[in-house]
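Please open the model in your viewer and keep the sequence at hand. The tour below proceeds by selection, with a short account of what is found at each stop.

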Amino acid sequence: MTPPAPTHIEIERKLDAPAGFVLPDLLGVAGVTAVSDPVEHALDATYFDTEDLRLQKARITLRRRTGGTDGGWHLKRPASGGARTEEHHPLGRATRVVPPALRAAVEVQARGVAIVPVVRLRTTRTVRNLVGADDVVLAEVAVDAVHASVPSANGRWTTLTAWDEIEVELVGGTEKLLAKVVKAFVKAGAVVSDSPSKVARALAAAGRVAAPGAEPATEVQPPAAGSAGAVVLEYLRDQVAHLQTHDPLVRVDADDAVHQMRVACRRLRSALTVYRPLLDREVTEPLREELAWLGEELGAARDAEVVRDHLRGLVEAEPAGLVEGPVVERIVRTMDERYRAAHDEALVTLDTPRYFALLDTLDALVATPPFINGPAGAEGAAADVLLPLVRKTWKRAARLVDAAHATDDPAEHDLLLHDVRKAAKRARYAGESLVAAFGKDAKAYGKQMATVQEVLGEHQDSVVIRGYLVELSAAAHAAGESTFTYGRLHALEQVRGYTTETDFDGVWAAAQDPAYRAWLG
């Protein structure tokens with residue numbers, strides 16, 4: 001896996017400094033015991049974005065900066081509580097071409113569009129450290145004289161505007177200290193900046209704004225609070241954000257990223273299915289198909305991970321005398337090769353026009369949700385409209401369980417259990433989608449259906465893994481290795497399959513407790 005680039009959480013405040021501004025005395029402010037002597041830096045930063053400023057719209061900053069103590073490529077993203085994460089990469093030789101690792105990190109926003117220089121900021125920065133007890137640096141105060149330029153047609157830079165500003169960034173201090181330092185600056189005549197960043201200010205001076213993307217050309221009235229539409233829209237937004245957050249993590253092969261992105265696909269598909277009566281199917285049915293396609297593209301990599309980890313654990317739990325030959329090595333090597341090939345294919349998928357079109361469609365889904373309105377639709381009360389739909393997910397699972405118990409055909413029985421697993425998963429996701437609105441009752445329902453899904457998932461996994469063991473045994477035999485252990489593992493998986501069916505009967509009996517469904521009416 002690709003090691004992550006160095007990152008840190010940046011918590012800072014910006015203020016505009018008027019002409020003639022004098023730095024206030026900060027000694028004694030919230031535990032400041034000393035202010036270091038000023039150190040001056042000459043900074044030269046080029047900021048990159050698409051021509052329609054997609055990164056700016058997402059509050060992402062991508063720049064290449066020389067000078068100061070942290071020269072290099074910097075990628076800043078929004079984090080919780082107004083903070084930002086900052087990722088550093090080496091300068092390299094290229095000055096106008098974004099390094100591939102950074103390009104991949106923002107591809108979910110850029111979506112195949114060229115990323116080019118949009119602003120150059122040359123800054124004379126004067127830095128002072130605010131020091132507390134035990135010589136701990138609490139915060140850094142930077143007074144910046146900024147000169148902004150924009151690209152011209154001849155490839156040069158055209159000077160645009162200039163201004164002075166102050167940045168106060170936390171180092172070892174608290175947000176309480178940050179607030180008091182800002183207050184001291186305001187009292188001295190500074191004004192808290194209404195611009196999110198220097199680059200945003202420069203672009204605004206150039207008359208450029210971020211692209212509207214999927215936002216509607218005319219104002220769309222959001223669903224009323226407490227309505228079915230409001231609850232469903234909040235859940236859809238969360239899942240779209242979850243999918244897009246994990247796109248760059250999949251690209252760097254971060255742990256569990258493929259799984260999390262695939263889960264977001266499944267949850268979105270489930271929501272579009274369960275809440276069909278609220279939605280225009282001409283819009284949502286093609287979207288469901290595209291989400292299914294993306295989930296399948298990610299599935300092979302995830303399956304290889306699951307099989308590798310399960311079989312390795314199974315072998316390692318065996319007594320030493322029952323493990324003949326390089327079993328773990330063959331399992332890990334084979335499944336790692338399959339994972340790598342599948343992950344490489346997934347990366348190709350994430351750079352296709354089809355995938356970028358899907359991202360655009362998801363943006364449009366949450367910007368202009370295709371709701372069918374009326375008392376029985378998105379405008380209806382959440383309890384009146386949504387609870388009956390979630391109740392249907394239980395009824396579907398129950399019908400399939402009855403069918404599985406009724407058949408005497410082993411093959412049909414296995415297929416029906418597979419269908420029960422999928423129905424239980426839909427019921428689980430339906431319950432989880434209402435946790436924000438209905439609290440612990442929805443959470444308990446979702447958790448119970450997750451238990452049903454998981455025990456049947458064990459059954460399905462045992463079937464799939466037996467197939468892999470046959471392949472691994474054949475490869476070991478061809479290499480002149482003992483196949484005894486693979487046969488034993490196959491038998492253990494058969495036992496697991498039988499055991500999970502027994503476990504399922506108990507889990508399903510517990511799930512039938514009316515207490516789990518009382519909230520559904």
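A residue is called buried under 20% relative accessible area, exposed over 50%, and partly exposed in between. The model on display is predicted.

**First stop: Ala30.** Select Ala30, in the loop between strand S2 (12-16) and strand S3 (34-35). Its relative accessible area is 35%, so Ala30 counts as partly exposed. Then inspect the backbone: the phi angle of Ala30 is near 50 degrees, a positive value in a residue other than glycine.

**Second stop: Asp134.** Move next to the loop that lies between strand S8 (116-131) and strand S9 (137-151), where Asp134 is found. Is Asp134 buried or exposed? With a relative accessible area of 75%, Asp134 is exposed. Its backbone also merits inspection, since Asp134 is not a glycine and yet has a positive phi of about 60 degrees.

**Third stop: Glu493.** Now select helix H15 (residues 484-511) and, within that helix, Glu493. The relative accessibility of Glu493 is 1%, and Glu493 therefore counts as buried. Display side chains here: which side chain makes a polar contact with that of Glu493? The partner is the side chain of Arg496, at 2.8 Å.

To complete the view, show the contacts of Glu493 other than its neighbours within four places in sequence. These contacts are His310, Leu314, Ser462, Ile465, Arg466 and Leu469.

How values were computed. Residues numbered from 1 in each chain as written. Predicted model: local features only at pLDDT ≥ 70, side-chain atom pairs only at ≥ 80, totals over all residues. Heavy atoms only, no water. Helix = DSSP H or I, 4+ residues; strand = E, 2+ residues; numbered from the N terminus. Buried < 20%, exposed > 50% of the residue type's maximum accessible area, 1.4 Å probe, protein only. Polar contact = N/O pair within 3.5 Å; in protein donor to acceptor, adjacent residues only side chain to side chain. Contact = heavy atoms within 4.5 Å.
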